[in-house]
Amino acid sequence: MNHTPNSNRLHIAVFGRRNSGKSSLINALTGQDTSLVSATPGTTTDPVAKAMEVYPLGPCLFIDTPGFDDEGELGRMRVERTRKMMEKTDIALLLFEDDGTPERQWMELLREHDIPVVLIVNKKDVRQDVDSLALRIEEKYGQVPVVVSAGEKSGMQGIFDAILAKLPEDFAERTITGNRVGEGDVVLLVMPQDIQAPKGRLILPQVQTIRELLDKKCIVVSCTTDRLSDSLQALARPPRLIITDSQAFPIVYRQKPAESSLTSFSVLFAAYKGDIEAFAEGASTIALLTPQSRVLIAEACTHAPLTEDIGTVKIPRLLRKRIGEELQIDFVSGNDFPHDLSRYNLIIHCGACMFNRKYVLSRIAQARAQHIPITNYGMAIAYLTGILDKIVW
């Protein structure tokens, strides 16, 4: 893997009316013909994303969205996709055609989602009222808009500066392993190479964790579950931390040295991508489930189910063994996630290595708003195997 995954990039989405110059702006910002540009309204029918590196922002993902004033049945569907994109947006660029109702409504929506917004007045090369419009926007929203010409590619640095000023404080500071380990610490990674492990490579959470540990100057040792005992004996001192797949918790816990802390990739990502306290609270509600309860299992990846898939097979097996075979379990994957969660007693989410943190937090907020507990794979397995209070998170 030679490039930063999109899930780790700053998600910057452009919102505005049809023909407000969103696609031209994306092309000007990225320096490439990323989006199709046309005088015909509604050219952009689906969100279009372009990954790039922007100094000093770092890795970013620019997203072009359909116009929020689209019309007709298909238009309403496109507007809904634009609305859904807010769930993934770290920073929004909002283009103003005037200071009217549509922009005000979307400004309110973005604020409801706690999304920092950069206000933009485009087309300064062809509009005569740019200065007066910018002044009205400033008076109405208390924020000076950035005036640009996407067609002439002028004013782009002003947008980058505004994005940098609104960058979430903790965006670049969060790490997978947090303060659990430091330079010189021995970290043992126990990684089962079963049917779920992709042939010839490691899964994304493992790759990202190894890279971070190397950056922290840790001493990284890796083994499969069946070589755990041999690996521990080969070490001169017990590892400071052992990280394993959640499904191997029982085996690893029985063999780990008393001095070593234990966690899993999924648990680490629960804190890195989401709200670990909410997930811990959600895991504890497993005790309240009954055979008549209903559970939703949400997987970020979209893949064909495997024989011993952790989300569709192993976790349901553990749940039904504890609760009863009558327990109802539904599954969703990718961007599919029900708007109405009221039918569920618990949501169990994957580690979400394919989602950005904003999207995971949006799902947690949605669950909380409907008073539905939510946890993640690692936390749920730790609870079901009786070691939630014995691992670090």
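**Exercise 1. How do strand S11 and strand S13 run, and how many bridges join them?**

Step 1. Locate the strands: S11 covers residues 294-299 and S13 covers residues 346-349. Helices (H or I, at least four residues) and strands (E, at least two) are DSSP runs, numbered from the N terminus.

Step 2. Look at the pairing. S11 and S13 run parallel and are joined by 4 bridges; two strands pair if DSSP finds at least two bridges between them. Val295 has Leu346 in S13 as its bridge partner.

Step 3. Note what kind of model this is. It is a predicted model, in which local features need pLDDT of at least 70 and side-chain atom pairs count only at pLDDT 80 or more, while totals for chains, interfaces and linings use all residues. Residues are numbered from 1 along each chain as its sequence is written, and side-chain values use heavy atoms, with hydrogens and water left out.

**Exercise 2. Place S11 and S13 in their sheet, and find which strands stand at the edges.**

Step 1. The sheet is open, has 4 strands in the order S12-S11-S13-S14, and its pairing is parallel.

Step 2. The edges are strand S12 (328-333) and strand S14 (374-376); each has a single partner strand, so one side of each has no neighbour in the sheet.

Step 3. On average, neighbouring strands of this sheet are turned by 25° against each other, direction ignored. Axes here are lines fitted to C-alpha atoms, for helices over the stretch in contact, and angles run from 0 to 180 degrees between N-to-C directions.

Step 4. Add the helices. Helix H10 (residues 276-284) lies across S13 and S14, at about 100° to S14. H13 lies across S11, S13 and S14, at about 90° to S14.

**Exercise 3. Which residues have the most contacts inside the largest nonpolar core?**

Step 1. Fix the term: a nonpolar core is a set of buried Ala, Val, Leu, Ile, Met, Phe, Trp, Tyr and Cys residues joined through side-chain atoms within 4.5 Å. Buried means under 20% relative accessible area, exposed over 50%, and partly exposed in between (1.4 Å probe, protein chains only).

Step 2. The largest core has 56 residues, and Val295, Leu319 and Ile348 have the most contacts inside it. Helix H13 (residues 377-384) gives the most to this core, with 6 residues.

Step 3. Apart from this core lies another of 25 residues, including Leu25 and Val118.

Step 4. Take Val295 as an example. Leaving aside neighbours within four places in sequence, Val295 is in contact (heavy atoms within 4.5 Å) with residues including Leu289, Leu319, Tyr344, Leu346 and Ile348.

**Exercise 4. Describe strand S5 and its partners.**

Step 1. S5 (residues 117-121) is mostly covered, with 5 of its 5 residues buried. In a regular strand the side chains alternate between the two faces of the sheet. Here Val117, Leu119 and Val121 lie on one side, Val118 and Ile120 on the other, and all are buried.

Step 2. Strand S4 (residues 91-95) pairs with S5 in the parallel sense over 4 bridges, and Leu94 stands opposite Leu119. Strand S6 (residues 146-147) is parallel to S5 and joined to S5 by 2 bridges; Val121 has Val147 as its bridge partner there.

Step 3. From S5 the chain crosses through helix H4 (residues 130-141) to S6 in a right-handed β-α-β crossover. A crossover is right-handed if, with the strands pointing away from the viewer, the path from the first strand over the helix to the second runs clockwise. S4, helix H3 (residues 101-112) and S5 also make a right-handed β-α-β unit.

**Exercise 5. Is helix H1 mostly covered or mostly exposed, and what does it pack against?**

Step 1. H1 (residues 22-30) is mostly covered: 8 of its 9 residues are buried. Leu25, Ile26 and Leu29 are among them.

Step 2. The buried residues of H1 pack against elements including strand S1 (10-15), S4, S5 and helix H5 (156-165).

Step 3. Just after H1, Gly31 takes a positive phi of about 70°.

**Exercise 6. Why is the sulfur of Cys353 not bonded to that of Cys301?**

Step 1. A disulfide is a pair of cysteine sulfur atoms within 2.5 Å.

Step 2. The closest cysteine sulfur to that of Cys353 is in Cys301, 5.1 Å away, which is too far for a bond.

Step 3. The structure holds 0 disulfides. Cys353 is buried, with a relative accessible area of 12%.
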